[in-house]
Amino acid sequence: MRRAVIFDLDGTLTQSEEGIYNCVRHAAETMGYPVPDPETLRRFIGPPLYYSFRKYMGMSDGQADEAVRIYRERYVKKGLFENSVYPGIRRLLRMLKARGDYVAVATGKPQRPSERILRYFGLSAYIDRIVGPSEDVKSADKESLIRRALPADHEEAWMVGDRKFDVKGARHAGVRSIGVGYGYGSEAELREAGCDAYAPDVESLIQMLCPGMSAPHGTFLSMEGLDGSGKSTQLRALVETLHRFGYEVVETREPGGCRISEKIRELLLSRENVGMTEETEALLYAASRAQHVHDTILPVVESGRICLSDRFLDSSVAYQGGGRELGVQEVMDINAHAVHGLRPDITVFLELPHDVALRRRYGASEPDRMEMEGDAFHARVEQAYREMLRREPERFVVVDASESAETISQKIADRVLTRLMEREGIQWEKELS
Ligand code: TYD
């Protein structure tokens, strides 16, 4: 018989305050009420809205009805997506699925928006049942939601939640509870309500629910492009999106990415070292990479997280193999000892003609030693990248870097998220706000 694990949504799986606060503010403003202070806004998370508008803002029954209507109007369009998955939750859900547990969500948030949120974040594939009240219910009692979320037969069941309502509801439904301290309730509140166990953070929740189980495989992502293609901006945007979706990302770079390799980076990029031979340069990039793979990339991927590197081996193939004309095979050979067959699972390539890229780069700040190279050098680098894209089209996510930064980020996010979820064996039913 399967173990059943039931989760609360807001404050347990997702961090939803931004959307909730914005919608409460909007309802207050529209109805001519003063905008509630942060302390009051915080209280809106968890209890039914109708209750909160009356209790915390002194509204009459009719006014509270109207406030809930205005709130929901904005919430379904915008508020729903002003939300993020707690770091580690995606890993936990993958692990519960791998154990064969029955997983459900019992939330006070109405059923439809709850389903949409979980679908938007690509989490619905990990959840067997989602239970929430229908839109017209004014107060949802947690006990009945939990009862409805339980499977027909189970020998062990746990409710995981961040508020006293979750703990008490679980007890009344005959289910044991784990209170989590990273959400909107306090340890005192959860203990007072009588939780059977307390997890201060997601990591300890994982230890409680999946003791001794190893993390699912992680992912190695890299980002490539010519100097001036907007790589740093896009890297930052991608990290932010991945975090919002509950991916645990460690950002790193080449040359560099760990203590020893950062020292090698200084040697490589310093304008004092214009006399460096092409072979020395290629070997130093490979040396820096060897330490980076060992110290950073492999440990991160093995821990089930995403390692996102600003450049990797492709840069050596393009700059040293193409730019310096050392040859693709020669550069691959030099790097064989450094990477031991490791290659990125997904590589984002920002495509931009070399002359456009370089003009942008020079406009931004002082060029480093590599960027001081002339037009012919960068034309060869571009050509070498093009050949790589032809050789391994399945690895690359190619994006036109001449569009606006926002358009580029959106395209990268959509395609990388789709690929990441494919790697998890699920299909992302993307829903736009
Ligand atoms: P990058 O960090 O992208 O530059 P910046 O931080 O100034 O935007 O890359 C540093 C330079 O090193 C860049 O010109 C590309 C070059 N490079 C190589 O020539 N070979 C390599 O293997 C790598 C990783 C980088």
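The exercises below concern a predicted model and the ligand it holds.

**Exercise 1. Lay out the domains of the chain and state how far apart the centres of domain 2 and domain 3 are.**

Solution.
- Step 1: Read the assignment, which gives domain 1 as 3-11 + 83-209, domain 2 as 17-81 and domain 3 as 219-423.
- Step 2: Take the centres over C-alpha atoms; those of domain 2 and domain 3 are separated by 46 Å.

**Exercise 2. Describe the shell around the ligand: how many residues surround the ligand, and which are the closest?**

Solution.
- Step 1: Count residues with a heavy atom within 4 Å of the ligand. The count is 17, and the closest are Lys-231, Arg-289, Arg-311, Ser-316 and Gln-320.
- Step 2: Sort the shell by residue class, which yields nine charged, five nonpolar and three polar residues.
- Step 3: Assign shell residues to helices. At least two come from each of H12 (259-269), H13 (278-302) and H14 (313-323). With four residues, H14 gives the most.

**Exercise 3. Find side-chain polar contacts to oxygen atoms of the ligand for Asp-227, Lys-231 and Arg-311, then state how much of the ligand the protein buries.**

Solution.
- Step 1: Apply the cut-off of 3.5 Å between N or O atoms.
- Step 2: Check each side chain. For Asp-227, an N or O atom is 3.0 Å from a ligand oxygen. For Lys-231, the corresponding distance is 2.9 Å. For Arg-311, a polar side-chain atom lies 2.7 Å from a ligand oxygen.
- Step 3: Turn to area. The ligand taken alone exposes 550 Å², of which the protein buries 90%.
- Step 4: Place the ligand among the pockets; the space that the ligand takes is the second largest pocket.

**Exercise 4. Examine the backbone at Pro-255 and Arg-311, and say where each residue is found.**

Solution.
- Step 1: Recall the usual case. Most peptide bonds are trans, and most residues other than glycine have a negative phi.
- Step 2: Inspect the bond from Glu-254 to Pro-255, which is cis, with omega near -10 degrees. Pro-255 is in the loop between strand E10 (249-253) and H12.
- Step 3: Inspect Arg-311, which is not a glycine but has a positive phi of about 80 degrees. Arg-311 is placed in the loop between strand E11 (306-310) and H14.
- Step 4: Link this to the earlier exercises. Arg-311 is also one of the closest residues to the ligand, and H12 and H14 each supply at least two residues of the shell.

Key. Residues numbered from 1 in each chain as written. Predicted model: local features only at pLDDT ≥ 70, side-chain atom pairs only at ≥ 80, totals over all residues. Heavy atoms only, no water. Domains from an automatic or database assignment. Near = heavy atom within 4 Å. Polar contact = N/O pair within 3.5 Å; in protein donor to acceptor, adjacent residues only side chain to side chain. Areas by Shrake-Rupley, 256 points an atom, 1.4 Å probe, with all protein chains shown as cover. 1 Å grid on protein atoms, 1.4 Å probe; cavity = no way out; pocket = protein on both sides within 12 Å on 5 of 7 lines; lining within 4 Å. Sits in = over half its atoms within 2 Å of the grid points. Nonpolar A, V, L, I, M, F, W, Y, C, P; charged D, E, K, R; others polar.
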